[in-house]
Amino acid sequence: MILYNSICESVLPGALICQPSCLVSFPSSVEVEDSWLNGGSGIGDGSSSIKAALGEYFERRHFYMEVMSNVVGNINHSLTRVEAEKFIEAFSQTNENDLTSAQLFSHSYNLTKVYRASDFSVCHIPTACISLNYHKIESESSIYPLRDTCGCSFHWCFEEAGFGAIKEYLERQFLARFWLTRKCQGLITSENVLEALCESRAKTLYQALHKSGELVVIDISDADYPGSCILTVYGQKNRKRHVQYCAGMSYAKTRAAAIEKSIYELWQTYRFVGLFLATERDIDEVKDPYLKHFLNCNTYDTYKEIIRIDPCSMFASESCPVFSFSGLLATLKAQQVDGYLYVDSLSINNDSYFFCKFVSPDFFLHMNNSRGINTRNKYSQIFSAQIDAERKNMMVPFP
């Protein structure tokens, strides 16, 4: 079923596509799109899939088309010397022209207003760290060329938008750490997964995927941060099947919640890959480099590689704060991490909605670990000696 925006309000998407789940016990799928090729998709039960798709659509549209620069100035325009030096250290690794620190300091950046995560004071950071579009900020294209949606969020409540942004950012940091080092908390047995899903509709989906191929649930949580981060991967030996490798990930308050969401996320990518190949589309036509890489990794060998792990239980030195917006902010402060929250709003039918993106040069600024990335950062210091050189040269196979 396709619902079109007949009133043609530019603030709303052009079409909402509801796809049947085939089985009532499976989650439904929804896609949202507009004429500018912005899109969002969602998987879930009932209206949750619609909310997820709309949220992703507005998020993508804003960060691709609507982020603006407020001012032009040097990196230390409103940052402290220490803050500026952290960005310069990151840019010295991401830039394509081997620019010196002096050159990076003297460069005139397009800057956007953000809030320090430590105290919500106002400052400005390079717009390129926020916008996914290069328009009007071309002068930073060679300094910070690779960008992605890591740390972006959209919600009707500011606190939830900020919470979602930091959650998503940390989730990707945990993934990068796992991929580069092979180290994780360990595998979760099928029995424990089924127990965690005993009251969830994801249980039927998990069982179906498990029967269809191979399914591994990996705990990639970082013990220094609250909550649980789960990566679920699917493998299929039969080369005649469209989907031979797929993955889903989630960072949530409890292990059960993270397992459930990771399976839904896996199903979302499973459906996309299956439909993409069933319709015989050309991978070279895909513009997004992450998505193209993920499609090219659709092999059983990729599955075997990603589950080649080194379980290593990690214990936090102190008890972590609660899993909430304030809890994550407190954790970042305890870890002495400098982070920044970009915030903007949108009015729909007189109700306010919020866009948020979290950025920190103390972490990996983007997720393409194979090139143009700040591998040296505060977060990676504790595991830099464990980084596998082979995996460092291959981008993590995740959409």
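This passage walks through strand pairing, salt bridges, aromatic pairs and one loop residue in a predicted model.

A good place to begin is strand β15, which spans residues 340–348. On one side of the story is strand β6 (residues 109–116), joined to β15 by two bridges, and these two strands run antiparallel. Within this pairing, Arg116 has Tyr340 of β15 as its bridge partner. Strand β15 also pairs with β16, again in an antiparallel arrangement, and here nine bridges join the strands. One of the facing pairs is Ser347 with Ser352, the latter in β16. The hairpin of β15 and β16 has two residues between the strands, and Asn349 there takes a positive phi near 50°.

Arg116 comes back into view among the salt bridges, of which the model has 18. Its side chain meets that of Glu83 with an N to O distance of 2.7 Å. This salt bridge links distant parts of the chain, for Glu83 belongs to helix α2 and Arg116 to strand β6, 33 residues apart. Both Glu83 and Arg116 are buried. Helix α2 takes part in another such link: Asp362 and Lys86 form a salt bridge at 3.1 Å, N to O. Here Lys86 is the partner in helix α2, while Asp362 lies in the loop between β16 and α11, and 276 residues separate them. Asp362 is buried, because its relative accessible area is 4% and the cut-off for a buried residue is under 20%.

Helix α4 offers a more local example. The side chains of Glu168 and Arg172 meet in a salt bridge of 3.2 Å, N to O. The two residues are four apart in helix α4, so about one helical turn separates them. Glu168 counts as buried because its relative accessibility is 17%, and Arg172 does so because its value is 15%. Salt bridges can also join into a network, as they do for Arg182, Glu305, Arg308, Asp388 and Arg391.

Aromatic rings add another layer to the picture, with 27 aromatic pairs in the model. In one of them, the ring centres of Phe91 and Tyr144 are 6.1 Å apart, and the pair is tilted because the planes stand at 50°. Phe91 is in helix α2 (residues 81–94), whereas Tyr144 is in the loop between β7 (122–126) and β8 (152–155), so that this pair links distant parts of the chain, 53 residues apart. Phe91 and Tyr144 are both buried. Phe174 and Tyr225 provide a second tilted pair, with centres 5.7 Å apart and planes at 55°. Phe174 sits in helix α4 (residues 158–181) and Tyr225 in the loop between β11 (214–219) and β12 (228–235), 51 residues apart. These two residues are buried as well. Elsewhere, one aromatic cluster is formed by Tyr169, Phe358, Phe363, Phe364, Tyr379 and Phe383.

Rings can have charged neighbours too. Arg147 lies over the face of Tyr134, 4.0 Å from the ring centre. Likewise, the charged end of Lys167 sits over the ring of Phe163, at 4.6 Å from its centre.

The last stop is Thr375, found in the loop between β16 (351–359) and α11 (389–392). Thr375 is buried, with a relative accessible area of 17%. Setting aside neighbours within four places in sequence, Thr375 is in contact with Gln93, Phe364, Ser380, Ile387 and Lys392. Among these contacts, Phe364 is also a member of the aromatic cluster.

Methods. Residues numbered from 1 in each chain as written. Predicted model: local features only at pLDDT ≥ 70, side-chain atom pairs only at ≥ 80, totals over all residues. Heavy atoms only, no water. Buried < 20%, exposed > 50% of the residue type's maximum accessible area, 1.4 Å probe, protein only. Contact = heavy atoms within 4.5 Å. Phe/Tyr/Trp six-rings, centres within 6.5 Å; stacked < 30°, edge-to-face > 60°. Lys NZ or Arg CZ within 6 Å of the ring centre and 35° of its normal. Pairing = 2+ DSSP bridges. Salt bridge = Lys/Arg side-chain N within 4 Å of Asp/Glu carboxyl O.
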